[in-house]
Amino acid sequence: IIDAAVKLLAEKGFAGIGVNALAAAAGVDKQLIYYYFGGLDGVVRRLGSRLDLWLGTPLEPHPGEPYGDAVNRLLNEYFNALRRNPLVLRLLAWELAEPSDALESLENARSAAMAGWVAELRATAQPVPAGIDAPAINALLLAGLHYLALRECSLGRFAGLEVNTPAGQARIAAAIRLITERTYAAPIESSG
């Protein structure tokens, strides 16, 4: 049922998915959708909770890793996962262009799943340096990566950066590294 939902979303978007269409695509009686998921909302919540759909294989925590290194790995892997997944890119575009209850439910489930995974990664990394608002900084970085991934699919470039080329993608990776290293660097203790 979940695989059929992914396929329907990729082909037709949220307008093309309903219990009847999903049951037909999955080759099951629609009562099974209600029994196992409580209806279409349950299917959407299950989709949102699947980290493999959003991130591919989640990153393994590295105990003691500097927080900036962990964020750098997360952002680069997430950006690459976005770029490889046309369904996720369509969902991101739909969230902006055609907001709906179903999309909000999907976003809430996705955010909860990702927050749990990030919390696990963060728990094994070194702490965030004092005075750094990591959630706000990371939100800005993620939003930028969302936009760049969407631009790669549409125009291929943004602000003079050729997002759809290996050189452009290397520049983005280098910029992520620079931002995370400088933002999350441990403060230098003064000796004196």
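This passage walks through the overall fold, the nonpolar cores and one surface patch of a predicted model.

Starting with the big picture, the protein has 10 helices and two strands. Going along the sequence, the elements come in the order α-α-α-α-α-α-α-α-α-β-β-α, so the two strands sit between the ninth helix and the final one in that pattern. Laid along the principal axes, the C-alpha atoms fill a box of roughly 75 × 35 × 25 Å. The chain runs to 192 residues, and 39% of them count as buried. As for the outside, the accessible surface comes to about 10,500 Å², with carbon and sulfur atoms holding 57% of that area. Contacts across sequence distance are well represented: of those with a separation of 6 or more, 65% link residues 24 or more positions apart.

Turning to the interior, the largest nonpolar core counts 22 residues, and F79, L82 and I172 are the members that touch the most others. Two or more residues of this core come from each of α6 (67-84), α7 (86-97), α9 (134-154) and α10 (166-183). F79 and L82 fall within the span given for α6, and I172 within that of α10. Once residues up to four places away in sequence are set aside, I172 touches F79, L145, L148, L161 and V163. One of these partners, F79, is itself among the three residues with the most core neighbours. There is also a second core, separate from this one, with 21 residues. Its members include I2, A23, L53 and W94.

Out on the surface, helix α3 (residues 30-37) is worth a look, starting with L32, which is found there. What does L32 touch, leaving out residues up to four places away in sequence? The partners are I1 and F37. I1 is 31 residues from L32 along the chain, and the C-alpha atoms of the two are separated by 9.0 Å. L32 has a relative accessible area of 35% and is therefore classed as partly exposed, since that class covers values between the 20% limit for buried and the 50% limit for exposed. Y35, also placed in helix α3, has a relative accessible area of 66%, so this tyrosine counts as exposed. Together with Y36, L32 and Y35 make a nonpolar surface patch of about 380 Å².

Definitions and conventions
Residues are numbered from 1 along each chain as its sequence is written. This is a predicted model: local features need pLDDT of at least 70, side-chain atom pairs count only at pLDDT 80 or more; totals for chains, interfaces and linings use all residues. Side-chain values use heavy atoms; hydrogens and water are left out. A nonpolar core is a set of buried Ala, Val, Leu, Ile, Met, Phe, Trp, Tyr and Cys residues joined through side-chain atoms within 4.5 Å. Buried means under 20% relative accessible area, exposed over 50%, partly exposed in between (1.4 Å probe, protein chains only). Helices (H or I, at least four residues) and strands (E, at least two) are DSSP runs, numbered from the N terminus. Contact means heavy atoms within 4.5 Å. Patches are made of residues with over 30% relative accessible area and no salt bridge: like charges are joined within 9 Å, nonpolar side chains (Val, Leu, Ile, Met, Phe, Trp, Tyr) within 5 Å. Accessible areas come from the Shrake-Rupley method with a 1.4 Å probe; for residues, only the protein chains shown count as cover. A salt bridge is a side-chain nitrogen of Lys or Arg within 4 Å of a carboxyl oxygen of Asp or Glu.
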